[in-house]
Amino acid sequence: MKSFNICLLLLFIISSSLIAQEIDTVPIETKGMEIKLKRSPLPSRTGILNYTPVKIPPVVIAEKVNYWKVRTSVGINVNQGSFSNNWKAGGVNSIAVGGLINYRAEYRKEGYGYISEVMLEYGKIKNKDQLQKKTRDRIFWDNKADLRLSKSWYFFGSVTFESQFDRGYAYYREDNVEKSSLVSKFMSPGYLTESIGFEYKPVGYFSTRIGTGTAKQTFKLDTTFNQRFNGGNYGVERGKNFKNELAFQIVSNFDKQIFKNVNLKARYQMFIPYDRPLVHVDHRLDVELRSQINRLMNVTLTGVGLFDKDADPEIQASQALALGVAFTFPR
């Protein structure tokens with residue numbers, strides 16, 4: 001009997017759990033209960049809500065896409081030194097002035113591009129009891145049009161002009177007197193180079209032109225130079241003022257900020273004439289390291305290495321260090 005009651009109790013518990021799983025709510029009769037609901041504190045509005053649509057006129061922006069990027073840099077530097085007559089450490093009074101203008105315009109639209117760059121440099125130094133001498137003198141104008149072939153390769157055509165502003169002299173002493181001999185002037189020499197080929201430009205700061213078809217004209221319009229210091233006559237035949245050459249040309253350009261406020265710019269050019277031995281290959285390397293001190297002042301270290309057997313059998317080199325003021329438009 002006792003075991004029967006236990007079984008009956010277990011059966012009741014199991015059935016109650018099954019009913020609880022099926023029914024999780026129990027209806028409660030609220031009739032007769034005093035249940036008061038609180039009014040909602042939120043405001044409410046009844047009726048029709050009227051609104052008036054507002055017409056917003058379309059905005060038309062009258063702007064054109066500018067495919068040109070133009071930058072102009074102007075630099076001026078002055079160096080001066082003076083000494084009293086009884087200055088025992090030695091020295092000579094001197095003053096040097098130099099200037100630079102760099103203009104660059106670039107057009108880029110879809111796969112077409114055009115770049116024009118002009119570099120004008122001129123500087124002079126005057127030491128006491130000596131003749132004036134040039135420290136820099138260059139006219140350089142490069143024009144290039146290109147057509148994109150792939151991500152890094154372009155087909156290009158370029159025209160480059162190079163000469164100088166002022167007369168250039170070689171200095172020597174005779175009977176302890178400083179003298180000069182004219183060796184160059186504007187368009188003596190002057191160079192005009194036309195080139196077509198392919199350009200490799202993997203990144204924005206580096207490019208290499210491979211000019212498979214290049215023509216170079218060398219001008220020496222003044223044939224009256226004293227040949228004592230100009231034995232090569234710049235490759236132009238004696239008595240003539242023009243020479244044309246066909247060649248293979250490579251031009252590499254590097255322009256990048258390598259450190260904070262420090263920019264390195266370099267240009268290497270190799271010219272290989274088709275009609276002469278390899279000993280007549282021309283090389284030129286221009287390097288400029290510029291450090292920006294503040295918004296206006298900068299320090300510039302420049303160097304040029306040149307090997308042109310038509311002008312001189314040895315390597316020509318120049319170097320300059322200058323502290324000056326530079327303006328760039330637009331900033």
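Which residues does Val 304 touch, not counting residues up to four places away in sequence?

**Entry 1: Val 304**

I began with this question, working in a model that is predicted. Leaving out residues up to four places away in sequence, I found that Val 304 touches Arg 284, Leu 285 and Asp 286, and also Gln 316, Ala 317 and Ser 318. Val 304 itself belongs to strand β13, which covers residues 297–307. I then looked up its exposure, and with a relative accessible area of 24% Val 304 is partly exposed, because that class begins where the buried class, under 20%, ends. I also noted that Gln 319 is 15 residues from Val 304 in sequence, while their C-alpha atoms are 6.5 Å apart in space.

**Entry 2: the chain as a whole**

Next I stepped back to the whole protein chain, where I counted one helix and 14 strands. Of the 331 residues in the chain, 30% are buried. When I took the contacts with a separation of 6 or more, I saw that 53% of them join residues 24 or more positions apart.

**Entry 3: Asp 137 and its surroundings**

I turned to Asp 137, which sits in strand β4, residues 133–148. Its relative accessible area is 16%, and Asp 137 is therefore buried, since the limit for that class is under 20%. What does the side chain of Asp 137 reach at 2.8 Å? I found that the partner is the backbone nitrogen of Phe 165. A polar atom of the same side chain of Asp 137 also lies 2.9 Å from the backbone nitrogen of Asp 166. Setting aside neighbours within four places in sequence, I listed the contacts of Asp 137 as Glu 121, Tyr 122, Gln 164, Phe 165 and Asp 166.

**Entry 4: aromatic pairs**

Two names from that list, Tyr 122 and Phe 165, made me look at the aromatic rings. A pair of aromatic rings is described by the distance of the centres and the angle of the planes, and I kept both values in my notes.

My search of the whole structure gave nine aromatic pairs. In one of them, Trp 68 and Tyr 114, the ring centres are 6.4 Å apart and the planes stand at 80°, so I wrote the pair down as edge-to-face. Trp 68 is in strand β1 and Tyr 114 in strand β3, residues 112–127, so this pair ties together parts that are 46 residues apart in sequence. I noted that Trp 68 is partly exposed at a relative accessible area of 40%, and that Tyr 114 is partly exposed too, at 29%.

Tyr 122 and Phe 165 form another edge-to-face pair, with 6.4 Å from centre to centre and 85° between the planes. This pair links distant parts of the chain, 43 residues apart, with Tyr 122 in strand β3 and Phe 165 in the loop between β5 and β6. Tyr 122 counts as partly exposed at 28% relative accessibility, and Phe 165 counts as partly exposed at 41%. I also recorded one aromatic cluster, formed by Tyr 67, Trp 68, Tyr 107 and Tyr 114.

**Entry 5: the second largest pocket**

I then looked up the second largest pocket, whose volume is about 720 Å³. It is lined by 34 residues, and the closest to its centre are Ser 73, Glu 288, Arg 290, Gln 292 and Thr 328. Which strand gives the largest share of the lining of the second largest pocket? I found that it is β14, with eight residues. Strands that each supply at least two residues of this lining include β1, β2, β12 and β13. By type, the lining divides into eleven nonpolar, 15 polar and eight charged residues.

**Entry 6: backbone details**

Most residues other than glycine have a negative phi, and most peptide bonds are trans. With that in mind, I looked for exceptions.

The peptide bond joining Ser 188 and Pro 189 is cis, with omega about 10°, and Pro 189 lies in the loop between β7 and β8. The bond from Phe 329 to Pro 330 is also cis, with omega near -15°, and Pro 330 is in the segment after β14.

Glu 110 is not a glycine and yet has a positive phi of about 55°; I located Glu 110 in the loop between β2 and β3, where it counts as exposed at 70% relative accessibility. Tyr 234 has a positive phi near 60° and is placed in the loop between β9 and β10, but Tyr 234 counts as buried, at 14% relative accessibility.

Notes. Residues are numbered from 1 along each chain as its sequence is written. Side-chain values use heavy atoms; hydrogens and water are left out. Helices (H or I, at least four residues) and strands (E, at least two) are DSSP runs, numbered from the N terminus. Buried means under 20% relative accessible area, exposed over 50%, partly exposed in between (1.4 Å probe, protein chains only). A polar contact is a pair of N or O atoms within 3.5 Å; within protein, one must be able to donate a hydrogen and the other to accept it, and residues adjacent in sequence count only if both atoms are side-chain atoms. Contact means heavy atoms within 4.5 Å. On a 1 Å grid over the protein atoms alone, a cavity is a set of points where a 1.4 Å probe fits but cannot get out, and a pocket is an open set with protein on both sides within 12 Å along at least five of seven lines; lining residues have an atom within 4 Å of a point. Grid points are joined across faces, edges and corners, and a volume is the space filled by probe spheres set on the points. Ala, Val, Leu, Ile, Met, Phe, Trp, Tyr, Cys and Pro count as nonpolar, Asp, Glu, Lys and Arg as charged, and the others, Gly among them, as polar. Rings of Phe, Tyr and Trp (its six-membered ring) pair if their centres lie within 6.5 Å; planes under 30 degrees apart count as stacked, over 60 as edge-to-face and the rest as tilted.
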